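Student: I am new to this structure. Please take me closely through a single part of it, and explain each term as you go.

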Protein chains: 2
Amino acid sequence: MDAEHVGLREIKKQMTRDAIATAALKLTEQKGLNEVTVDEIAREAFVSPRTVSNYFASKEEAVLAAGDLGIEEVLEEFNSRPSEDPPLKALCELLSDYAREHPEHLRGASKMARLEQLNPTLRPFRIAREIEMVEVLSARVAARTGTNVTTDLYPSMVASAAMSALITSLAIWSCKELPDESLPSLIQDAFNMITAGYPLDRESPDPARTPV
Amino acid sequence: MDAEHVGLREIKKQMTRDAIATAALKLTEQKGLNEVTVDEIAREAFVSPRTVSNYFASKEEAVLAAGDLGIEEVLEEFNSRPSEDPPLKALCELLSDYAREHPEHLRGASKMARLEQLNPTLRPFRIAREIEMVEVLSARVAARTGTNVTTDLYPSMVASAAMSALITSLAIWSCKELPDESLPSLIQDAFNMITAGYPLDRESPDPARTPV
DNA sequence: AAGATACTTGCAGATCCTGCAAAGTGCTGT
DNA sequence: ACAGCACTTTGCAGGATCTGCAAGTATCTT
């Protein structure tokens, strides 16, 4: 069995997974998640209700799977590129590059944000996924810097700060309806605020804030 | 109707709420949340199953309600004490003072952390609560500093960083089984790392890390 | 081609959650 | 005190979710 070789089985599996997720997302956009039943999603995706449960533990997870950014890939890259740069610098570059090169994904993210406001049931699950990523990231930061996740403050706090920079940037960018091009620099601003130690809380009277 | 006057009704309501939450926590500690049914919780708390649903939307929320720290109160104090100090400084003081004065609550927190590892269903709900607090905090930071939650990076990032400092400190303190007295200074270390701009990511080669 | 393996499906049972209406309990004004 | 009001508890019914299990179907390996 080659590592290259992807069987028909794998392909079909991915296809039904996508079909279910897409169906869930579509129906949710139409009627709101509360009005959508698993049976409906199943019908829309041309599978049995039982199969839906085989792929997702709940409606919510199905919807979220559809709105998935490729952030996992970014973390993957962070992992596989063992540069000597300090973690926050590397992450800043990776994320702002990603924002520059894949604006589609990020448009999708802001769509999901709106969907989440309309369907609060989604929140806990989305956030749980976010936290999982932070934990993965913490471990990698620790590995890179020779620190220890369970005993040092550093790795967890860096991971959390980086995620916060990304999420906050996205929220502001989406809320202000800024053009795609401005997102990368907004992300850089956020990271700068982190490494600058949150100027408003130090000597400088003027915060690094983006004016309205 | 005085603002002071608390009717018998209110008292009873709070009591049944506590009874249900306590019952949920107790049973979960005994058998694991998966093996606990709402009916059981109801029996343990001497109420009908329907009443359990009246108070909590799910078993998970009932369990979490039992392990509630008094962090809301701390935020309350942050709100009601309009000092001129920068937010991160004020929060650092408030939280480390709180850790010094109410170690019981924080012991409870680390118990809940263990419970959460054993019962992963709890995670999404706990985290969702955390995020809610971050959002409240963001709003207050914004109000204090004259910034805007929806257009400025500053308030959300500060709130998130502060929560991260608290959570990470608690995790490490709990994991290392440190004495109660050391928690406040650990929290201060975490806040120092924030305002110092995460030393490892700047010029200093030596991170502000706590050695094993 | 044939056996092993993995995916899909239907069904049954347990549980959860909600609306509704009836009964119980605390509250308020006279 | 007591009558009327408001809120809470409760049981019941119905719809929905989730899981294990067993049978059927498709894919993979040799």
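Tutor: What follows is about the contact between chain A and chain B, with some background first.

This is a predicted model, in which local features need pLDDT of at least 70 and side-chain atom pairs count only at pLDDT 80 or more, while totals for chains, interfaces and linings use all residues. Residues are numbered from 1 along each chain as its sequence is written, chains are lettered from A and ligands numbered from 1 in the order in which they are written, and side-chain values use heavy atoms, with hydrogens and water left out.

Start with chain A. It has 10 helices and 0 strands, where helices (H or I, at least four residues) and strands (E, at least two) are DSSP runs numbered from the N terminus. The C-alpha atoms of chain A fill a box of roughly 60 × 50 × 35 Å along the principal axes. Of its 212 residues, 46% count as buried; buried means under 20% relative accessible area, exposed over 50%, and partly exposed in between, with a 1.4 Å probe and protein chains only.

Now the interface. In chain B, 46 residues are in contact with 46 residues of chain A, contact meaning heavy atoms within 4.5 Å. The area buried between the two chains is about 4,100 Å², and carbon and sulfur atoms give 67% of that. Buried area is the accessible area (1.4 Å probe) that two parts lose on being put together, summed over both. On the chain B side, the residues that lose the most area to chain A are B:L153, B:M157 and B:D201, together 18% of what that side buries.

Two of those residues can be followed across to A:A190. This alanine is found in helix α10 (residues 182-195) of chain A. Apart from neighbours within four places in sequence, A:A190 is in contact with B:L153 and B:M157, and also with A:A165 and A:S169. Its relative accessible area is 0%, so A:A190 is buried. A:A162 is 28 residues from A:A190 in sequence, but the C-alpha atoms of the two are 8.7 Å apart.

Residues from both chains also appear in the largest nonpolar core, which has 82 residues. A nonpolar core is a set of buried Ala, Val, Leu, Ile, Met, Phe, Trp, Tyr and Cys residues joined through side-chain atoms within 4.5 Å. The members that touch the most others are A:F191, A:I194, A:Y198, B:F191, B:I194 and B:Y198.

Take B:I194 from that list. Leaving aside neighbours within four places in sequence, its contacts in chain A are A:M157, A:I194, A:G197 and A:Y198. Within chain B, the contacts of B:I194 are B:L88, B:A161, B:A162 and B:A165.

B:Y198 lies in the segment after α10 (182-195) of chain B. Because its relative accessible area is 1%, B:Y198 is buried. Its phi is near 55 degrees, a positive value in a residue other than glycine. Most residues other than glycine have a negative phi.

A:F46 makes a contrast. Its phi is near 60 degrees, again positive in a residue other than glycine. A:F46 sits in the loop between α2 (38-45) and α3 (49-55) of chain A. With a relative accessible area of 77%, A:F46 is exposed, whereas B:Y198 is buried.
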